[in-house]
Amino acid sequence: MANHKSAKKRARQNEIRRVRNKAVRTRVKNVVKEVRQTVSENASETAAAQINHAKSVIDKAAKKGIIHKRTAARKISRLSKQINSMSA
């Protein structure tokens, strides 16, 4: 455990950031899961709306540094690929 005043503050800051980052990561996972669920149900109109929302959530997470920018690009690419294969 931290002993110095500054170390205690740093520990508090890290805990707050950990919880916030966890919430964002969970949101990304849930959005991706919703899109995949929609693709499996072959609901193309709903999937088109959901992919835009998913892109926004994933890009925001990458912008904040919670996930890497290439990870974000990979997730968006794979979701887009699934939706395009559904319509083809």
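Helices here are DSSP runs of H or I with at least four residues, numbered from the N terminus. The model is predicted. Helix H1 spans 5–40 and helix H2 spans 44–63, and each supplies at least two residues of a patch of positive charge on the surface. The structure also holds a nonpolar core, the largest of which has 20 residues, and one salt bridge.

**Positive patch**
- Lys5, Lys9, Arg10, Arg12, Arg17, Arg20, Arg27, Lys60, Lys63 and Lys64 gather in this surface patch.
- Helix H1 gives the most to the patch, with seven residues.
- Lys5, one of the patch residues, is found in helix H1.
- Lys5 has a relative accessibility of 75% and therefore counts as exposed, the cut-off being over 50%.

**Nonpolar core**
- Within the largest nonpolar core, the residues with the most contacts are Val28, Val35, Ile58, Ile67, Leu79 and Ile83.
- At least two residues of this core come from each of H1, H2 and helix H3 (69–87).
- H2 provides the largest share of the core, seven residues.

**Salt bridge**
- Side chains of opposite charge can pair when their charged atoms come close.
- A search of the whole structure finds one salt bridge.
- The side chains of Glu15 and Arg18 form a salt bridge, with an N to O distance of 2.7 Å.
- Glu15 and Arg18 lie about one helical turn apart, because three residues separate their positions in helix H1.
- Glu15 is partly exposed at 40% relative accessible area, and Arg18 is partly exposed at 44%.

How values were computed: Residues are numbered from 1 along each chain as its sequence is written. This is a predicted model: local features need pLDDT of at least 70, side-chain atom pairs count only at pLDDT 80 or more; totals for chains, interfaces and linings use all residues. Side-chain values use heavy atoms; hydrogens and water are left out. Patches are made of residues with over 30% relative accessible area and no salt bridge: like charges are joined within 9 Å, nonpolar side chains (Val, Leu, Ile, Met, Phe, Trp, Tyr) within 5 Å. Accessible areas come from the Shrake-Rupley method with a 1.4 Å probe; for residues, only the protein chains shown count as cover. A salt bridge is a side-chain nitrogen of Lys or Arg within 4 Å of a carboxyl oxygen of Asp or Glu. Lys and Arg count as positive and Asp and Glu as negative; His and the chain ends are not counted. The place of a charge is taken as NZ of Lys, CZ of Arg, CG of Asp or CD of Glu. Buried means under 20% relative accessible area, exposed over 50%, partly exposed in between (1.4 Å probe, protein chains only). A nonpolar core is a set of buried Ala, Val, Leu, Ile, Met, Phe, Trp, Tyr and Cys residues joined through side-chain atoms within 4.5 Å.
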